[in-house]
Amino acid sequence: MSSQVKTGWICIATAGPTLDGRNISPESLRQMAEVYDTSFYVAKLWPEGVRSRPLGHVDALKVQVEGGQLKLLAVLCPTLELIDLNTNGSHGFCTIEASENFAGTGKWYLAGVTVTDQPCLTGLTQLQFSAKPPSARPLLVPASFSAPMPAPTKAASQPLNPEQMFSQLEALSAGLTALNQKLDSFAPYDPNHPSASSASHHSAPPRTNPYNLC
């Protein structure tokens, strides 16, 4: 996974003899810096001896003279895997894979970069992406990632005013009293006390309202 981060300008090659007996000409470095174009061909970062998956790519190149020595400087875009490997103490140096007359252009071109533990050139920049272990580093999130919007928080309920609560209770009690009075008028009919006999009806003992709510 790409980490969406870039290095600063670091030295990946120097002009002159190499430790394994080769020689890198200043002109080859100048041509690589001059013609390098990621829209034409992207130089990948590869682990030494393995081509299963790249560890990043080269974003830009330039040349610069330092201490009388011509250096090829690059901006690298490492993957999270390379950052972790480097943090654990490996993959600290770059070895360029230069191709003469690349794709018929007649120019030297940077075809790739091997990330290794043992440099074959002097004056190279040692890669040090982070001094912290992976567990102590914040997660690197791709730039296109959008964090989910937080769920709206529920508004805190406002405590009721004691006077308002008392008024509500009074209203509820008055409502229950009115309902009980209404239910009293619908007391069940008693056949032993017909309504035709007003005297016996009025002399009958009061009946209990079976629907009384309180």
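A residue is called buried when its relative accessible area is under 20%, exposed when over 50%, and partly exposed in between. In this predicted model, C77 has a relative accessible area of 10% and is therefore buried.

**Cysteines**

C11 is buried as well, with a relative accessible area of 4%. How many disulfides does the structure contain? Two cysteine sulfur atoms must lie within 2.5 Å to count as a disulfide, and by this rule the count is zero. For C11, the nearest cysteine sulfur belongs to C94 and is 9.2 Å away, so C11 is in no disulfide by the 2.5 Å cut-off.

**Strand β8 and its partners**

Strand β8 spans residues 109–116, and seven of its eight residues are buried, so the rest of the structure largely encloses this strand. Strand β4 (residues 44–47) pairs with β8 in the parallel sense over four bridges. Within that pairing, L45 has V113 of β8 as its bridge partner. Strand β7 (residues 93–99) also pairs with β8, here in the antiparallel sense and over seven bridges. A98 has L110 of β8 as its bridge partner. In a regular strand, side chains alternate between the two faces of the sheet.

**Salt bridges**

The structure holds five salt bridges. The table lists some of them, with the N to O distance for each pair.

| Pair | N to O distance |
|---|---|
| D20 and R22 | 3.2 Å |
| R51 and E97 | 2.6 Å |
| R53 and E81 | 2.9 Å |

What does the salt bridge between E97 and R51 tie together? E97 lies in strand β7 and R51 in the loop between β4 and β5, so this pair ties together parts that are 46 residues apart in sequence. The salt bridge between R53 and E81 starts from that loop between β4 and β5, where R53 lies, and reaches helix α2 (residues 80–87), which holds E81; the pair therefore ties together parts 28 residues apart in sequence. R53 is partly exposed at 46% relative accessibility, and E81 is partly exposed at 31%.

Turning to the pair D20 and R22, is D20 exposed, partly exposed or buried? D20 counts as partly exposed, because its relative accessibility is 48%. R22 is also partly exposed, with a relative accessible area of 39%.

**A nonpolar surface patch**

L169, L172, L176 and L179 make a nonpolar surface patch of about 360 Å². Of these residues, L172 is found in helix α3, which covers residues 162–184. L172 counts as exposed because its relative accessibility is 52%.

Key. Residues numbered from 1 in each chain as written. Predicted model: local features only at pLDDT ≥ 70, side-chain atom pairs only at ≥ 80, totals over all residues. Heavy atoms only, no water. Buried < 20%, exposed > 50% of the residue type's maximum accessible area, 1.4 Å probe, protein only. Helix = DSSP H or I, 4+ residues; strand = E, 2+ residues; numbered from the N terminus. Pairing = 2+ DSSP bridges. Patch = residues over 30% accessible without salt bridge, like charges linked within 9 Å, V, L, I, M, F, W, Y side chains within 5 Å. Areas by Shrake-Rupley, 256 points an atom, 1.4 Å probe, with all protein chains shown as cover. Salt bridge = Lys/Arg side-chain N within 4 Å of Asp/Glu carboxyl O.
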